[in-house]
Each structure stands twice: as C-alpha cells, then as structure tokens.
Amino acid sequence: MLLGGCEGSQSALQPAGGAARDIALLWWWMLGTSTVILLAVVGLWLYAQFRHQDDSSGQAGPQNIADFDRITGRRWLIGGGLVLPTVAIVVLLAFGIPIGHRMLPLPLDEAPLRIEVTGHQWWWEVHYPEQGITTANQIHMPAGRPVDFHLTSNDVIHAFWVPQLGGKLDMIPGRINVLRLQADAPGRFRGQCAEFCGLQHARMRIKVEALPEEAFNQWVAARQADEARSVRDPDSPSAQVFDSHCSQCHSVAGEPTPGGPDLRHLHSRALLGAGTLRHDRDGLQRWLRDHQQLKPGNRMPSHDQLDDDTLSALADWLGRQQ
Ligand code: HEC
Ligand SMILES: [Cu+2]
C-alpha cells in the first residue's frame, strides 16, 4: 500500500539492470539508516520527557542534578553530536562511493553498442551511428549487454532518465555525456526528460524496448530497409502536400531532416509527440489536426490552412502501413 505509487515501468524501485539495482539498493540503505536514526531520536526525545517528570518528583538535590546534567549532557553532545553523525556518514559514503564508481562507463574488452540521443524541445532524436539509423522518441536496444548512450542537446539542457535501467544524466548543448546502461532481460521501460526544459517538459517521454539479440538484429535490418527505400507512395497527392508543408522539418525518405522527428520510421513507433498520444490511424489524424491543443506550444506549426480531408489523407499516407 505504502509503496503503491512506486511501481510501474518508470519506477527506480523496480530495477531492471545493474546500474538501477545499485541505485535502488543505495536508496533502501539510506531509507533504512535514516529510519533507524529517526526512531532513535524520537525514542530519546520521549525518554527526555519522562525523565524530566521523574526528576521533579524530588529526591536529588538541585546541585546533584546540575552536575549530572553537565556530565551526561557532554556525553550526549560528543556521542550523539559528533560520533554518531560521523559514523553514519562514513557508512553511507563507504556504501555510496563504490556505487557511484561502478556507474562510470569504464572501458570494456569489447566496445558496447553506441546510441546517440539528442534532446530537442520537446522530443528525442535517436541515432545509431554504426548501423546508420536515425529515428526518434523510441529506443530499441539489445538486452543482456551494455549499451553506451552518448547524450547531448540541440537547444537547452535536458536530462536523460530511464529509471528502471539506471541514473539520469544531463544533456548539455555542445557537450557529450556518456551513460552506460544494460537491461538484464527483454522488456519495455519508460523514460522521461528529468531537467525542466520549457513548456512541454512533462510531455517529453521516451519509450525504451530491450529486445533479445535476434529480435534486435531484425529491428535493425527493418530500419535499414526503411532508410534505403521510401515506404510511401511518391505519386500520391499527399506527397505534394508533404513537400510543400512538412519537408523543411521532416523527411520520409533519404536523409533525415533536422528540425523535427524523423518520419521515415514513423510506422514503427507506438506513440506520437514524445508520448503525448497513442499512434494509430485516429491518433495520427488527431495529431496533425490538433497537435497545438494536445501539446500546446510544441515546435510544429499548426496547419490551419489544410482542410480536414487533406490532413486525413496525409495521415493515411504517412501512417502505419501494416
Ligand atoms: C517547423 C517545423 C515543422 C513543420 C513544418 C512540420 N513539423 Fe511535424 N513536427 C515538428 C516538431 C518539432 C515535432 C515534435 C513535436 C513534439 O513532440 O514536441 C513534430 C512532430 C510531428 C509528428 C509526430 C512524430 C512523432 O514521432 O512523435 C508528426 C507525425 C508530424 N510532425 C508530421 C508533420 C506533418 C505531416 C507536417 C506537414 C503538414 C509537419 N509535421 C510539419 C516540426 C515540424
Ligand atoms: Cu527536456
């Protein structure tokens, strides 16, 4: 009951990888230690209350009480004020510092898979340099082996955080921070931008899917195939609408276009607008028509000049082919 809000695919208390497990362990240690200290302080406080009542019952003389209080008072000051905090802090540091060190991406025998993630207001660009894939808002990674995330930002400071896999790390313009994460088993996790980055910071989610090696390779092959050919009909009237209204920020074939999330792989994504709504036919139509209501202030201009029929034809042309 007490921890009811701590479950789910975005909880640091349900670790699914080594780094996250360390953090959860440290968290439980700190919670345990501080609970013990709190109970001890409350116990002493209660003791002090009752002891005072006993003393006022009047056997000891005032002078004795003063001496007694001075000596025990000093003991308490030294014991409770110096020794106890020093011991508590040393114990927590002895526990916490090695955990912090284990999270540094130290060299491995074999270089881990590299995924470059760039924060944009308010979406994520995801690039696999070795595989030559650029996609957005969704990360596929192999389970059971380490992955190095190279993190940076295109505009303001964002922070990359997938709580079930590990700690968060800032994404800073002009700088690359490396975070090594591993998912122990296949699974789906949710991440979230963890540094306030403007109006739609809260709707800057990322979906992470850890796949068995074989399935990951298939995913890579499917994305490479998407990038090699256009999955959309270039002769459709919607292709012209796209060219004139959308192509300065998005691409559906060829090179990725900076400015908006990649749409060549759109059909492989489960969510739209960095987790704002589900990606199905209806969701895509709603996004094109109402995205400024669904995610106010987002950096895609509204297309009021395009009527509903044009937009729904465009959605069909862009959307999931399967
Ligand atoms: C000025 C640049 C710009 C133009 C022009 C533009 N977009 Fe976008 N688009 C964006 C940005 C930025 C986002 C990300 C919004 C967010 O999630 O915050 C986006 C998001 C999207 C998404 C959701 C993608 C995802 O994976 O979440 C779709 C679909 C999309 N745009 C389609 C279109 C279409 C179709 C047009 C033309 C009618 C268009 N866009 C015109 C910048 C643009
Ligand atoms: Cu952000």
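What follows is a short conversation about ligand 1 and two sheets in this predicted model.

User: Happy to start with the ligand. What makes the side chain of His250 a polar contact of ligand 1?

Analyst: Good place to begin! A nitrogen atom of ligand 1 lies 2.7 Å from an N or O atom in the His250 side chain. The cut-off for such a pair is 3.5 Å, so this one counts as a polar contact. His250 is also listed among the closest residues to ligand 1, together with Cys246, Cys249, Gly273 and Met300.

User: And what makes Arg269 and Lys295 polar contacts of ligand 1?

Analyst: An oxygen atom of ligand 1 is 2.8 Å from an N or O atom in the side chain of Arg269. For Lys295, the distance from a ligand oxygen to a side-chain N or O atom is 2.8 Å. Pairs of N or O atoms within 3.5 Å qualify, so both are polar contacts.

User: How many residues surround ligand 1, and how do they divide by type?

Analyst: The shell holds 27 residues. Of these, 16 are nonpolar, eight are polar and three are charged. Arg and Lys count as charged, whereas Gly is placed with the polar residues.

User: Which helices supply the shell, and which gives the most?

Analyst: Helices α5 (281-294) and α6 (308-318) each provide at least two of its residues. The most come from α5, which gives three.

User: Where does ligand 1 sit, and what does "sits in" require?

Analyst: Ligand 1 sits in the largest pocket. The term requires more than half of the molecule's atoms to lie within 2 Å of the pocket's grid points, so ligand 1 passes that test.

User: On to the sheets. Why are β4 and β9 said to stand at the edges?

Analyst: The sheet is open, with three strands in the order β4-β10-β9 and mixed pairing. Both β4 (138-142) and β9 (187-192) have a single partner strand, so one side of each lacks a neighbour in the sheet. Ignoring direction, neighbouring strands here are turned by 25° against each other on average.

User: How do you know that β9 and β10 pair?

Analyst: Pairing takes at least two bridges, and β9 and β10 (residues 205-211) are joined by six, so they pair. The two run antiparallel, and Arg190 stands opposite Lys207 in β10.

User: What makes β1 and β5 a pair?

Analyst: Seven bridges join β1 (residues 113-120) to β5 (residues 147-153), and at least two are needed, so they pair as well. These strands run parallel, with Leu113 opposite Val147 in β5. They belong to an open sheet of five strands, ordered β3-β2-β1-β5-β8, whose edge strands are β3 (133-136) and β8 (177-181).

Notes. Residues are numbered from 1 along each chain as its sequence is written. Chains are lettered from A and ligands numbered from 1 in the order in which they are written. This is a predicted model: local features need pLDDT of at least 70, side-chain atom pairs count only at pLDDT 80 or more; totals for chains, interfaces and linings use all residues. Side-chain values use heavy atoms; hydrogens and water are left out. A residue is near a molecule or strand if one of its heavy atoms lies within 4 Å of it. A polar contact is a pair of N or O atoms within 3.5 Å; within protein, one must be able to donate a hydrogen and the other to accept it, and residues adjacent in sequence count only if both atoms are side-chain atoms. On a 1 Å grid over the protein atoms alone, a cavity is a set of points where a 1.4 Å probe fits but cannot get out, and a pocket is an open set with protein on both sides within 12 Å along at least five of seven lines; lining residues have an atom within 4 Å of a point. Helices (H or I, at least four residues) and strands (E, at least two) are DSSP runs, numbered from the N terminus. Axes are lines fitted to C-alpha atoms, for helices over the stretch in contact, and angles run from 0 to 180 degrees between N-to-C directions.
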